[in-house]
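Visitor: Got a minute to walk me through this one? I'd like the quick tour.

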Amino acid sequence: TRTTDIEGSLPEPEKFLELMAQDKKANSGVLTFILTRGIGKAFVTSNVSEDDLISFLKEHIPPQ
């Protein structure tokens, strides 16, 4: 659940996103996310822009 829990070097955000696209929940390279708005308020969406994902990853992947 945290990138800091992953041992070793992490890829750059763009490469990280490319690897995420190989997940079993991805459909033709489109990622599916299970998100929450609060306790008991989970929802499934594929409507997350690549720019938003890259921005999020840049904020949460520590520099190597």
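Guide: Here is a short tour, from overall layout to single residues.

Visitor: What kind of model is it?

Guide: A predicted one.

Visitor: How many helices and strands does the protein have?

Guide: Two helices and two strands. From the N terminus on, their order is α-β-β-α.

Visitor: And what does the C-alpha trace span along its principal axes?

Guide: About 35 × 30 × 20 Å.

Visitor: How much of the protein counts as buried?

Guide: 20% of the 64 residues. The exposed area of the protein is about 5,300 Å². Carbon and sulfur atoms supply 52% of that area.

Visitor: What share of the contacts comes from residues 24 or more positions apart?

Guide: 41%, taken over contacts with a separation of 6 or more.

Visitor: Let's do the strands. In which sense do E1 and E2 pair?

Guide: Antiparallel, over four bridges. Strand E1 covers residues 33-36, and strand E2 covers residues 42-45.

Visitor: Which residues are the bridge partners of Ile34 and Thr36?

Guide: Ile34 has Val44 as its partner in E2. Thr36 is matched with Ala42, also in E2.

Visitor: How many residues sit between the strands of that hairpin?

Guide: Five. Gly38 takes a positive phi there, near 155°.

Visitor: Now the inside. Which residues make up the largest nonpolar core?

Guide: The core has 10 residues. They are Leu10, Phe16, Leu17, Ala26, Leu31, Phe33, Leu53, Ile54, Leu57 and Ile61. Helix H1 (13-20) and helix H2 (50-60) each supply at least two of them.

Visitor: Which element gives the most to this core?

Guide: H2, with three residues.

Visitor: Pick one core residue. What does Leu17 touch?

Guide: Leu31, Glu50, Leu53, Ile54 and Leu57. That list leaves out residues up to four places away in sequence.

Visitor: Switching to charges. How many salt bridges are there?

Guide: Two. In one, the side chains of Glu14 and Lys58 meet, at 3.9 Å from N to O. This pair links distant parts of the chain. Glu14 is in helix H1, Lys58 is in helix H2, and they are 44 residues apart.

Visitor: Are Glu14 and Lys58 buried or exposed?

Guide: Glu14 is partly exposed, since its relative accessible area is 43%. Lys58 counts as exposed, at 52% relative accessibility. The cut-off for exposed is over 50%, so Lys58 passes it.

Visitor: What about Lys15, which residue does it form a salt bridge with?

Guide: Glu18. The closest N and O atoms are 3.2 Å apart.

Visitor: How far apart are Lys15 and Glu18 along helix H1?

Guide: They are three residues apart, so about one helical turn separates them.

Visitor: And their accessibility?

Guide: Lys15 has a relative accessible area of 39%, so it is partly exposed. Glu18 is partly exposed too, with 44%.

Visitor: Back to E2 for a moment. Is Thr45 buried or exposed?

Guide: Buried, because its relative accessibility is 15%. The cut-off for buried is under 20%.

Visitor: Which residues is Thr45 in contact with?

Guide: Leu31, Thr32, Phe33 and Leu35. Neighbours within four places in sequence are set aside there. Leu31 and Phe33 belong to the largest nonpolar core as well.

Visitor: What does the side chain of Thr45 do on the polar side?

Guide: One of its polar atoms lies 2.9 Å from the backbone nitrogen of Asn47.

Visitor: Where is Asn47 found?

Guide: In the loop between E2 and H2.

Visitor: Is Asn47 buried or exposed?

Guide: Exposed, because its relative accessibility is 71%. So this polar contact joins a buried threonine, Thr45, to an exposed asparagine, Asn47.

Visitor: Last one. How far apart are Asn47 and Leu57 in space?

Guide: 17 Å, C-alpha to C-alpha. In sequence, Asn47 and Leu57 are 10 residues apart. Leu57 is one of the core residues.

Key. Residues are numbered from 1 along each chain as its sequence is written. This is a predicted model: local features need pLDDT of at least 70, side-chain atom pairs count only at pLDDT 80 or more; totals for chains, interfaces and linings use all residues. Side-chain values use heavy atoms; hydrogens and water are left out. Buried means under 20% relative accessible area, exposed over 50%, partly exposed in between (1.4 Å probe, protein chains only). A polar contact is a pair of N or O atoms within 3.5 Å; within protein, one must be able to donate a hydrogen and the other to accept it, and residues adjacent in sequence count only if both atoms are side-chain atoms. Contact means heavy atoms within 4.5 Å. A nonpolar core is a set of buried Ala, Val, Leu, Ile, Met, Phe, Trp, Tyr and Cys residues joined through side-chain atoms within 4.5 Å. Two strands pair if DSSP finds at least two bridges between them. Accessible areas come from the Shrake-Rupley method with a 1.4 Å probe; for residues, only the protein chains shown count as cover. A salt bridge is a side-chain nitrogen of Lys or Arg within 4 Å of a carboxyl oxygen of Asp or Glu.
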